Amino acid sequence: QKVSGSRAAMGIDLKAGGRYKKTCRQAPKSEDVYLRLLVKLYRFLARRTDSKFNKVVLKRLFMSKINRPCMSIARVARYAKGHEDQIVVLVGTVTDDVRLHNVPALKICALKVTGTARARITAAGGEIMTFDQLALRAPTGANTLLLRGPKNAREAVKHFGAPGVPNSSAKPYIRHKGRKHEQARGRRKSKGYKC
């Protein structure tokens with residue numbers, strides 16, 4: 001190492017692995033063999049076709065469960081309106097929604113479809129396919145509608161930030177919202193301040 005004056009020049013600790021150049025995932029953390037096979041298939045398609053669709057699907061197959069949020073059939077039906085001839089593609093889970101009374105005939109490709117959602121879609125004359133079936137039917141992602149679930153709909157996201165500070169809408173972790181619980185200082189003008 002070079003020493004300039006009284007300070008030693010810092011180097012890279014190569015034994016520890018050096019710098020992280022790529023911090024995004026290059027493979028899924030899961031050991032699921034079926035997911036690994038899909039990654040193998042879409043890695044090939046992403047490399048051998050000029051389609052951006054395959055690259056996006058491959059990237060989403062690597063993602064953690066939080067980054068692959070589920071989507072209800074009601075939301076899928078809403079987004080698929082006007083795209084009835086297209087295949088809806090969702091790298092995640094499709095769940096049932098009892099609030100949707102009439103399920104349209106949807107063509108859906110997803111990693112997982114819950115039992116009740118599967119029964120309702122097939123009963124309505126729809127079709128459910130896996131990603132390997134989609135690769136045979138649309139190898140470049142032509143005539144597909146790629147969707148994503150609402151990532152920030154989790155309860156935990158509401159608590160992100162600092163609650164109680166001015167102009168913050170972060171939800172505090174409190175036991176109860178009643179009169180007796182955390183309703184004094186910072187919550188009333190008569191008790192210090194209100195924000």
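Arg 36 is partly exposed, with a relative accessibility of 33%. In this predicted model, the side chain of Arg 36 is paired with that of Glu 31 in a salt bridge, in which the closest N and O atoms lie 3.7 Å apart. Glu 31 has a relative accessibility of 65% and is therefore classed as exposed, since the class begins over 50%. The pair thus joins an exposed residue, Glu 31, to a partly exposed one, Arg 36. The structure contains six salt bridges, among them the contact between Glu 31 and Arg 36.

A nonpolar patch is also present on the surface. Val 33, Tyr 34 and Leu 37 make up this patch, which covers about 360 Å². Tyr 34 belongs to helix H1, which spans residues 33-48. The relative accessible area of Tyr 34 is 62%, so this residue is exposed.

The packing of helix H1 was examined next. Two packed helices are described by the angle between their axes and the distance between the axes. For H1 and helix H2, the latter formed by residues 52-61, the angle is about 155 degrees and the axes are 9 Å apart. Because angles over 145 degrees count as roughly antiparallel, H1 and H2 are assigned to that class. The crossing of H1 past H2 is left-handed.

Further salt bridges involve helix H6. Side chains of opposite charge can pair when their charged atoms come close. Glu 155 and Lys 158 form one such bridge, with a distance of 3.6 Å between the closest N and O atoms. Both residues lie in helix H6 (residues 155-158), and because they are three residues apart, about one helical turn separates them. Glu 155 is partly exposed at a relative accessible area of 40%, and Lys 158 is likewise partly exposed, at 46%.

Glu 155 also takes part in a salt bridge with Lys 171, with an N to O distance of 3.0 Å. This pair connects distant parts of the chain, as Glu 155 is in helix H6 whereas Lys 171 is in the segment after H6, 16 residues apart. Lys 171 has a relative accessibility of 37% and is partly exposed. Glu 155 is bridged both to Lys 158 and to Lys 171, and the three residues are linked in a network of salt bridges.

Technical notes: Residues are numbered from 1 along each chain as its sequence is written. This is a predicted model: local features need pLDDT of at least 70, side-chain atom pairs count only at pLDDT 80 or more; totals for chains, interfaces and linings use all residues. Side-chain values use heavy atoms; hydrogens and water are left out. Patches are made of residues with over 30% relative accessible area and no salt bridge: like charges are joined within 9 Å, nonpolar side chains (Val, Leu, Ile, Met, Phe, Trp, Tyr) within 5 Å. Accessible areas come from the Shrake-Rupley method with a 1.4 Å probe; for residues, only the protein chains shown count as cover. A salt bridge is a side-chain nitrogen of Lys or Arg within 4 Å of a carboxyl oxygen of Asp or Glu. Helices (H or I, at least four residues) and strands (E, at least two) are DSSP runs, numbered from the N terminus. Buried means under 20% relative accessible area, exposed over 50%, partly exposed in between (1.4 Å probe, protein chains only). Axes are lines fitted to C-alpha atoms, for helices over the stretch in contact, and angles run from 0 to 180 degrees between N-to-C directions. Angles under 35 degrees count as roughly parallel, over 145 as roughly antiparallel, 65 to 115 as roughly perpendicular and the rest as oblique. A crossing is left-handed if the near helix is turned anticlockwise from the far one by less than a right angle, and right-handed if clockwise.
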